[in-house]
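Welcome, and thanks for taking a look at this one with me. Please open the sequence and the model side by side before reading on.

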Amino acid sequence: MAALAVVETPSGKDAIAEGLLGLLKPAVQQLDLHVHSVRESQVELREHIDNLATELCRINEHQKVVLDLDPYVKKLLNARRRVVLVNNILQNAQERLRRLNHNVAKETVRRKTMLETSGAFTPQSPSKP
């Protein structure tokens, strides 16, 4: 059974960076999932608003009694515009999170490779104490 012996320890700065990377990566991934979920909800809401506005226009055209639904249609269209705006903001935030997550993963791999090539961890044979 092979054991690992630590030949040299990483600097305090590297240890802090590793710790931060370990903390950030799961948080970024979880946030990315939540943003994706909210974006899907926003798209669904926008579709419902479009359907409702279309239905209100159709009802307004077929009403025998004149009922002014235009203000309500305008409110729905304004709400739709805001939903699209929020969706664009979320899309930009998700893209930034994706890039951050990619950079965290890349930095983690780089640091692990650096530690392995620097000889920080060397296998110790079972026969040597």
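What follows is a short tour from the whole chain down to single residues.

**The whole chain**

Keep in mind that this is a predicted model. Its secondary structure consists of two helices and two strands, and going from the N terminus the order of elements is β-α-α-β. The protein has 129 residues, and 19% of them count as buried. Its accessible surface is about 9900 Å², with 61% of that belonging to carbon and sulfur atoms. If you look at contacts between residues at least 6 apart in sequence, 85% join residues at least 24 apart.

**Helix α1 and what covers it**

Helix α1 takes in residues 12–62, which is 51 residues. From its first C-alpha to its last it reaches 74 Å, close to the 75 Å expected at 1.5 Å a residue. Which residues of α1 are buried? They are Ala 17, Leu 21, Val 28, Val 35, Gln 42, Ile 49, Ala 53 and Leu 56. The cover over these buried residues includes α2, residues 70–117. As background for reading such a list, an α-helix has 3.6 residues a turn, so residues three or four places apart point the same way.

The surface has something to show here too. Ile 16, Leu 20, Leu 23 and Leu 24 make up a nonpolar surface patch, and together they have about 410 Å² of accessible area. Leu 24, one of the patch members, lies in helix α1.

**Helix α2 and an asparagine**

The UniProt record, an unreviewed entry, annotates residues 76–110 as "coiled-coil region". In the model, that stretch is 100% helix and 0% strand, and its end C-alpha atoms are 50 Å apart.

Asn 101 is placed in helix α2. Is Asn 101 buried or exposed? Asn 101 counts as buried, because its relative accessibility of 18% is under the 20% cut-off. Setting aside neighbours within four places in sequence, Asn 101 is in contact with Lys 25, Val 28 and Gln 29. Val 28 also appears among the buried residues of α1.

**Two residues side by side**

Leu 24 counts as partly exposed because its 41% relative accessibility falls between the 20% and 50% cut-offs. The table sets Leu 24 beside Asn 101.

| Residue | Helix | Relative accessibility | Class |
|---|---|---|---|
| Asn 101 | α2 | 18% | buried |
| Leu 24 | α1 | 41% | partly exposed |

Terms used. Residues numbered from 1 in each chain as written. Predicted model: local features only at pLDDT ≥ 70, side-chain atom pairs only at ≥ 80, totals over all residues. Heavy atoms only, no water. Helix = DSSP H or I, 4+ residues; strand = E, 2+ residues; numbered from the N terminus. Expected span 1.5 Å × (residues − 1). Buried < 20%, exposed > 50% of the residue type's maximum accessible area, 1.4 Å probe, protein only. Contact = heavy atoms within 4.5 Å. Areas by Shrake-Rupley, 256 points an atom, 1.4 Å probe, with all protein chains shown as cover. UniProt positions renumbered as here; feature names shortened; annotations may be inferred. Patch = residues over 30% accessible without salt bridge, like charges linked within 9 Å, V, L, I, M, F, W, Y side chains within 5 Å. Salt bridge = Lys/Arg side-chain N within 4 Å of Asp/Glu carboxyl O.
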